[in-house]
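What follows walks through a predicted model. The order is helix packing, then the surroundings of the ligand, then the backbone.

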Amino acid sequence: MAKPYTMNPGFYVPAADRYQHMEYARCGKSGLKLPRVSLGLWNNFGSVNVHENSRQMLLTAFDLGVTHIDLANNYGPLPGSAEETFGRVLDSDLRAHRDELCLSTKAGYYMWEGPYGEWGSRKYLISSLDQSLKRMKVDYVDIFYHHRPDPDTPLEETMGALADIVRQGKALYVGVSNYSAEQTARAADILKDMGVPLTIHQPRYNMLDRWVENGEPSLCDVLLERGIGAAVFSPLAQGLLTDRYLNGIPADSRAAGPCVFLNESGVTEDVLSKVRRLNAIANARGETMAQLALAWVLENPVITSVIIGASRPAQIEQNVKTIEKHVPLSDEEKAAIRTILEEK
Ligand code: NDP
């Protein structure tokens, strides 16, 4: 049962045992440690959502040792409003704990009209981060990412902007998201020449999307070889890798809502048939489907953290319990999972 927090801002007292539920892993070869479960604010933290629910989710996460909060300039809806929601909760409840938080934001996707509102120019990245800092009500973020590769801007310019952002103290670490293995290797080389490490990559990775494992070299190979950490997004495939859709599509689920990245047509019989069999393996281990899916990602030694999304505090509680409950998968279980995932 989620602990209900007072509706009155300013009265939040964090749980004294908040660091006893979580494990922290070093992000690549950097000094930065991330919680193995991080919270992303892409959905359910916008101005269209009930603020009190967003606040309860952030405080639930903090009380369970989830110190890493992932944002981007465009998260909402409306774009920018998830950063504003975070800034509001920081002010009402978490301001005294700023130094216990690792805050990430990004720029890369469309944010404002005209030639400077998206992609990877120095002009866009530096002005977007300035806007994000205002919305989040902080002087600096801990991690700033370039959100997607830009086919037209020279990578030297994009990485130069990231290096300058670190030198200006507006971000402590920098990363890239959605970059291929080859793009990541080039970005890391360019940054290294500028004296700034590429600390982290944010790829999508889950049981149903294993692109990071493929290729010569794979993204995993590049990250391991260069000591770059990985915080992965959509580890639950937006909810498909949970028990959410096993008995139909609930009216309050992401697939039934306005999210353009998951709709009812994405909940296919092929996916459900895999998830039913994976769910049986999870239940036999005393885990939920979501816990098995998160643990499976975290067993990959390249992965520093899974960035979960949530629509209610109880999902965060269940997902964080993975860390306390999970016993490493046996060779037989790994083989059974592989057979299900590789089945056409
Ligand atoms: P997930 O794969 O974790 O999906 C989250 C959704 O799964 C929730 O909204 C909820 O759906 C459902 N869910 C979560 N836990 C449970 C549970 N225990 N039981 C049942 N259902 C559950 O991640 P997201 O796709 O939301 O992405 C996570 C974060 O990654 C984002 O917030 C963002 O920070 C980042 N991201 C980054 C991208 C990038 O390009 N760099 C792209 C996309 C995401 P429901 O709403 O139906 O309850």
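Angles between axes over 145 degrees count as roughly antiparallel, and those under 35 degrees as roughly parallel. Angles of 65 to 115 degrees count as roughly perpendicular, and the rest as oblique. Two packed helices are described by the angle between their axes and the distance between the axes.

Take helix α7 (residues 269–284) and helix α10 (residues 331–342) to begin with: their axes cross at roughly 170 degrees and come within 10 Å. The two helices α7 and α10 are therefore roughly antiparallel to each other. On the α7 side the contact involves K274, R277, L278 and I281, and these meet E333, A336, I337, I340 and L341 of α10. By type, the residues of this contact of α7 with α10 are 6 nonpolar and 3 charged, with no polar ones.

A second pair involves helix α2 (residues 81–94). Its 14 residues reach 18 Å from first C-alpha to last, close to the 20 Å expected at 1.5 Å a residue. The buried residues in α2 are S81, A82, E83, T85, F86, V89, L90 and D93. Their cover includes two helices, α1 (51–63) and α3 (122–136), and two strands, β4 (68–70) and β5 (102–107).

How do the axes of α2 and α3 cross? They do so at roughly 40 degrees, and they come within 7 Å. That angle makes α2 oblique to α3. From α2, the residues E83, E84, F86 and G87 take part in the contact, and from α3, S132, R135 and M136. The residues of the contact of α2 with α3 divide into 2 nonpolar, 2 polar and 3 charged.

The ligand is next. Around the ligand there are 29 residues, of which G40, W42, F233, G239 and G309 come nearest. This shell holds 16 polar, 10 nonpolar and 3 charged residues. Strand β10 (305–308) and helix α9 (313–325) each supply at least two residues of the shell; α9 gives the most, with 3 residues.

Helix α9 also contains K325. With 14 other C-beta atoms within 10 Å, K325 is partly exposed. Leaving aside residues up to four places away in sequence, K325 touches E287 and Q291. The C-alpha atom of K325 is separated by 22 Å from that of G40, and the two residues are 285 residues apart along the chain.

Some points of the backbone remain. Most residues other than glycine have a negative phi, and most peptide bonds are trans. Between G76 and P77 the peptide bond is cis, with omega near -15 degrees; P77 sits in the loop between β4 and α2. Another cis peptide bond joins E216 and P217, where omega is about 0 degrees. The loop that holds P217 lies between β8 (198–202) and α6 (219–226).

Positive phi values occur at N44, near 75 degrees, and at K137, about 60 degrees; neither N44 nor K137 is a glycine. N44 belongs to the loop between β3 (37–40) and α1, and K137 to the loop between α3 and β6 (141–146). Which of them is buried, and which partly exposed? N44 has 23 C-beta neighbours inside 10 Å and so counts as buried. K137 has 16 C-beta neighbours inside 10 Å and so counts as partly exposed.

Notes: Residues numbered from 1 in each chain as written. Predicted model: local features only at pLDDT ≥ 70, side-chain atom pairs only at ≥ 80, totals over all residues. Near = placed C-beta within 6 Å. Helix = DSSP H or I, 4+ residues; strand = E, 2+ residues; numbered from the N terminus. Nonpolar A, V, L, I, M, F, W, Y, C, P; charged D, E, K, R; others polar. Axes fitted to C-alpha atoms, helices over the stretch in contact; angles between N-to-C directions. Contact = placed C-beta atoms within 7 Å. Buried ≥ 20, exposed ≤ 12 C-beta atoms within 10 Å, placed from the backbone. Expected span 1.5 Å × (residues − 1).
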